[in-house]
Amino acid sequence: MKRSRVLAVLVGGVFIVAVMSLNRMLELMQGAGLKQRGETPAGQDLSHLQQKIDRLEHLLSDNNRLVATLRDSLLQRKAPWETGARANVSSDSHANDANLHMSVVYVVVVYQLLDVYDLLPFDNPDGGAWKQGFEIRYQGNEWDEQPLELFLVPHSHNDPGWLKTFDSYYQDQTKHILNNMLIKLSEDSRRKMIWAEISFFSKWWNDIDDQKREIVKRLLRAGQLELVTGGWVMADEANSHYFALLDQLIEGHQWIQRHLGVKPSSGWAVDPFGHSPSMTYLLKGAGLRDMVIQRVHYAVKKHFAKQQTLEFLWRQSWDSSSRSDITCHMMPFYSYDVPHTCGPNPAICCQFDFHRLPGGRVSCPWRIPPQPITEQNVQERALLLLDQYRQKSRLFHSPVLLVSLGDDFRFVESSEWDAQFSNYQKLFDYFDQHPELHVKARFGTLSDYFKALRRRLTAAGTTLPTLRGDFFTYSDRDDHYWSGYFTSRPFYKRLDRTLEATLRATEILFSLTTAEMRRYRGDGHLVADFPAHQHFQRLTTGRRSLALFQHHDGVTGTARDPVVVDYGTRLFHSILNLRQVLQSSAHWLLLLDKSQYHYDQSKPFLKMDDVISAQDALPQKTLLTLSDEPRSLIIFNPTEQLRTSVISIVVDSPDARVVDAQTGQPMTAQISAVWEEPTLASAEDFQLDFVAQLPPLSLVVYHVTKASVGSANRARYTFHRRGNPPTIQTEHFQVSRPEGPDTDAPLSLSNKHVQIWSSSETGLLQKLRLQSGLVRQVQVQFLWYGTTRNRDKSGAYLFLPGEEGLYSSSEPPLVRVSRGPVFSDITSCFRHFTHRVRLYHLEGHAGKSLEISNMVDIRSEVNRELAMRIVSNVASGNRFYSDLNSFQMQQRRTLAKLPLQAHFYPMTSASFLQDETSRVSLLSAQSQAVASLRPGELEVILDRRLQQDDNLGLGQGITDNKLTASLYQLLLEDRRGGAQVRGPNTAPWEIPRYDSQLPKLRPFLPLQSSLPCDVHLLNLRTLEDTQEAGSPSQEVALLLHRKGFDCSSAPEPPLQCSWSAHEEVDTLIYLLYVFLYY
């Protein structure tokens, strides 16, 4: 024992010295940097600093291995709660106690999930009864001083859409669960339950009478019922954008506050397929203190169980304080069902799922059924169950134990309530009657459990470890990595983002409109003809449609085909309804004479520039008929920054002119062909693109007229196809074919910031050169993945790849190059996809990125997945970065010990790889899977078509593929003085109907200048009136996101916005408040 204690002190001391030395090195490096700043180029400074940081990371990784050795050496010691409040040493002296305690606490501070992945062998040996774990042993006297305190938490996980639609689940199961809950919880005050999905709860609330509503409130006050998380759904944490995650959380919490007057304090996320710290940040901001998670890689669970760190303080990676900490409980076993929650042996735990009693519809797969608890068997049954509880307890740091009781759609029938509660109560009564067992068991809620946990930890003088990182990519067994759903149903993932952008724009414009109306009238009321109530209903429906789709079988693409259609129909209808709100709001704001406003839904004053005909159709541009009379284009910029954007519309003439309606200044414009087929240009439709300067949150008016013949700048086209020159049909555009040496020469496009080279044979990108002189190989490739030949194959959830091969076609692709003053692009037409890379001729940062678009159609394929790979000579090693919910970036590491499918991660909107001198970033308009399988490479899965189920419950493959668009920005940055790119403008463009008697319009400019660069206006959300349900109030929720920036390089040219200080942000909030309320 003494040798073990000396080893612990020694390693702990090494760790502390190492940390102090590293801190000192950083201080010296920073000091040296300050001294050299005047005489050394900034790029060399940053390169030198990056090298040292990389070495420090390597040293920390080595040091963490020493830390793991220390912790392993302490595994055989007792936990602190086993000996009261003392540290876990058999003391020789208080000094040694203190040293050991200090070293262990220090270990906790630096717990990083990336380091855990480096340490784990991922070998998955058979653990016995707990297949993915290990044998758990105990002496029996561990609870003599501190009795085991157990909370059995009844729950029913209700998916708002999966095998059935949301409405079908409600009618068939959910409403019966909630109806029975009122009766059965009221029968015995000792009974408790938790509920998570507010989408279902609110629908049920609308169906019940006032008497039942009072019972609900009484159960909440008594602590028998607890609403956990409080979100509209139990959201997916991989594909969802943080706007949607927050919005569904607000929708649920606002509903709870309005109808029940309570506030959730604990989170419950037992079914999302992996977990993100972005979600924990939002939960903490919403007032939650605690949370429970389940779906974590089985090897990570095993490691945490060995370390007794299944409960921890989850901290954000950027936070050096404890402000973002949330207490997290990780379930240790395979699933959240009863067989995998009472202890490590599912065959025994299943015997205590009394819904599976003989004669019912559900049985135990291990063929040992439950027994009703009687006086004759209660002792044997209680001791058998207690043994499982005790084994599970040994995996945690305290003698307080959480055990869930439930599964998907449990407690539908009254008989199940009786079977579960009555049999467990008999077991609990037996425990109470035998104090020598040292166990106190009862039904509880999450709040009950975490309150007891804090009490025990405080009494023992211990704290939970702190952890940073995320829990992707999830694997439940063997090589079954759930990375397929990062891309499944990409059409609907894109539609999700379309609704999100439309909802955000509508929220902001509606809030600005109602505030401006109240100020215009001067009496706090809205204009009588403005349909505020109907518009607010449309907003609410849009919020809830987006929220519902964030369910972990919605945006994930893992529901059955009819359910996907139901989700898509909700998204589609919400987009149409929100557009009505946009049109009506913009109409009022733009009118110079407000008395001329009149709302007529059948004859809208404005119409949108595109039309979506069905839930599974891509948008089609509206044709604008031109004449000598000006047609007005209304453009809304929903961002907080001045934007330079390229606006694209379709007109009926190849000669058009665009001017600013206020100043008469002509805008740089370009006419391009609308290609009905790759070589056939429309003779009636033409694409008009022009450059617009859009102030923040503005509605800007432009006039479009027919111009004199030949006066408009028209795109020029060059066509390439190896061996078979195409026949081009167009009468309005100059077309050429390469001849002589130009036939095989690389294709090249350039603007003031960047030059690109592409293959003349395929049109695919090969190389980039920046204005700074930095040149990087950046090749675009396409490839197929098949599925494995093993019994288990890829499906909606799983990615189990088989053969991998570069995309090839029996016929060479048609390559079309266009050049013009607004943009130039190269389009490659392959059989399964049309790929386009476009370069905008814009000043500033908007011209520094390449726009990449793919139109994908793999409906002819069988068990294949199409991927786009970017191959560069950036020396990124085994590291790259992907975003989490568009909220933060997370480092990823490619490890040889993991299979290929384990290296795909969720990319909600961004990923990048970098070396000392350059960075390649890929920004995405839709969520999908991303990986870096080799240094310098990024690849994304574009679409998946899989014929079979992957045996995870869905019962079907994914074969409902659509013609699917995907959009990206590709950015090469010089890290010696690089630049940043802004995302595409998501503003909807609005077109008034032509009428010579149209009222006069004026632009709407609510802000005099852009907000600071690091302040993003996330939303301006009108709240519901507390007195009049379903109507807008005068209160608006202002949501600001203060973003973090990479300061390793400065943008060139500098950003045209200021940087905020705390005082500036405070002033900004006050000014917006004044605008909205006064």
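# Exercises on a predicted chain: disulfides, helices and aromatic pairs

A disulfide (a pair of cysteine sulfur atoms within 2.5 Å) joins C350 to C364, with an S to S distance of 2.1 Å. The model is predicted, so local features need pLDDT of at least 70 and side-chain atom pairs count only at pLDDT 80 or more, while totals for chains, interfaces and linings use all residues. Residues are numbered from 1 along each chain as its sequence is written, and side-chain values use heavy atoms, with hydrogens and water left out.

## Exercise 1

Determine which parts of the chain the disulfide of C350 and C364 ties together, and describe the other disulfide, that of C342 and C349.

*Solution.*

Step 1. Helices (H or I, at least four residues) and strands (E, at least two) are DSSP runs, numbered from the N terminus. C350 and C364 each lie in the loop between α11 (346-349) and α12 (378-393), so the pair ties together parts that are 14 residues apart in sequence.

Step 2. The angle about the S-S bond of C350 and C364 is -105 degrees, and this link is left-handed.

Step 3. Buried means under 20% relative accessible area, exposed over 50%, and partly exposed in between (1.4 Å probe, protein chains only). C350 and C364 are both buried.

Step 4. The structure has two disulfides. In the link of C342 to C349, the S to S distance is 1.9 Å. The angle about that S-S bond is -90 degrees, and the link of C342 and C349 is left-handed. C342 and C349 are both buried.

## Exercise 2

State how confident the prediction is for the chain, and name stretches where the pLDDT is below 50.

*Solution.*

Step 1. The pLDDT is the predictor's confidence in each residue, from 0 to 100. Its mean over the chain is 88, and 85% of the residues reach 70 or more.

Step 2. Residues 82-110 have a pLDDT below 50, and this stretch has 45 contacts in the model beyond near neighbours in sequence. Here contact means heavy atoms within 4.5 Å.

Step 3. Residues 1073-1078 also have a pLDDT below 50, with 14 contacts in the model beyond near neighbours in sequence.

Step 4. Where pLDDT is low, the predicted coordinates should not be read in detail.

## Exercise 3

Check whether the end-to-end distances of helices α13 and α16 agree with their expected spans, and describe the surroundings of both helices.

*Solution.*

Step 1. The expected span of a helix is 1.5 Å times one less than its number of residues.

Step 2. Helix α13 (residues 414-433) has 20 residues and should span 28 Å; its end C-alpha atoms are 29 Å apart, which agrees.

Step 3. The buried residues of α13 include E416, W417, F421, Y424 and F428. The buried residues of this helix pack against β2 (148-157), α5 (166-187), β3 (193-195), α12, β9 (400-408) and β10 (439-443).

Step 4. Helix α16 (residues 532-549) has 18 residues and should span 26 Å; its end C-alpha atoms are 26 Å apart, which agrees. Of these 18 residues, 13 are buried, so α16 is largely enclosed by the rest of the structure.

## Exercise 4

Classify the aromatic pair of W784 and Y807, and locate both residues.

*Solution.*

Step 1. Rings of Phe, Tyr and Trp (its six-membered ring) pair if their centres lie within 6.5 Å; planes under 30 degrees apart count as stacked, over 60 as edge-to-face and the rest as tilted. The structure holds 57 aromatic pairs.

Step 2. The ring centres of W784 and Y807 are 5.7 Å apart and the planes are at 35 degrees, a tilted pair.

Step 3. W784 lies in strand β29 (residues 775-787) and Y807 in the loop between β30 (801-806) and β31 (814-819), so the pair ties together parts that are 23 residues apart in sequence.

Step 4. W784 is buried at a relative accessible area of 6%, and Y807 is buried at 12%.

## Exercise 5

Describe the setting of E851 in its strand.

*Solution.*

Step 1. E851 belongs to strand β34 (residues 850-856), and its relative accessibility of 9% counts as buried.

Step 2. A polar contact (a pair of N or O atoms within 3.5 Å; within protein, one must be able to donate a hydrogen and the other to accept it, and residues adjacent in sequence count only if both atoms are side-chain atoms) joins the side chains of E851 and Y840 at 3.2 Å.

Step 3. Leaving out residues up to four places away in sequence, E851 touches R836, V837, R838, Y840, L967, Y968 and Q969.
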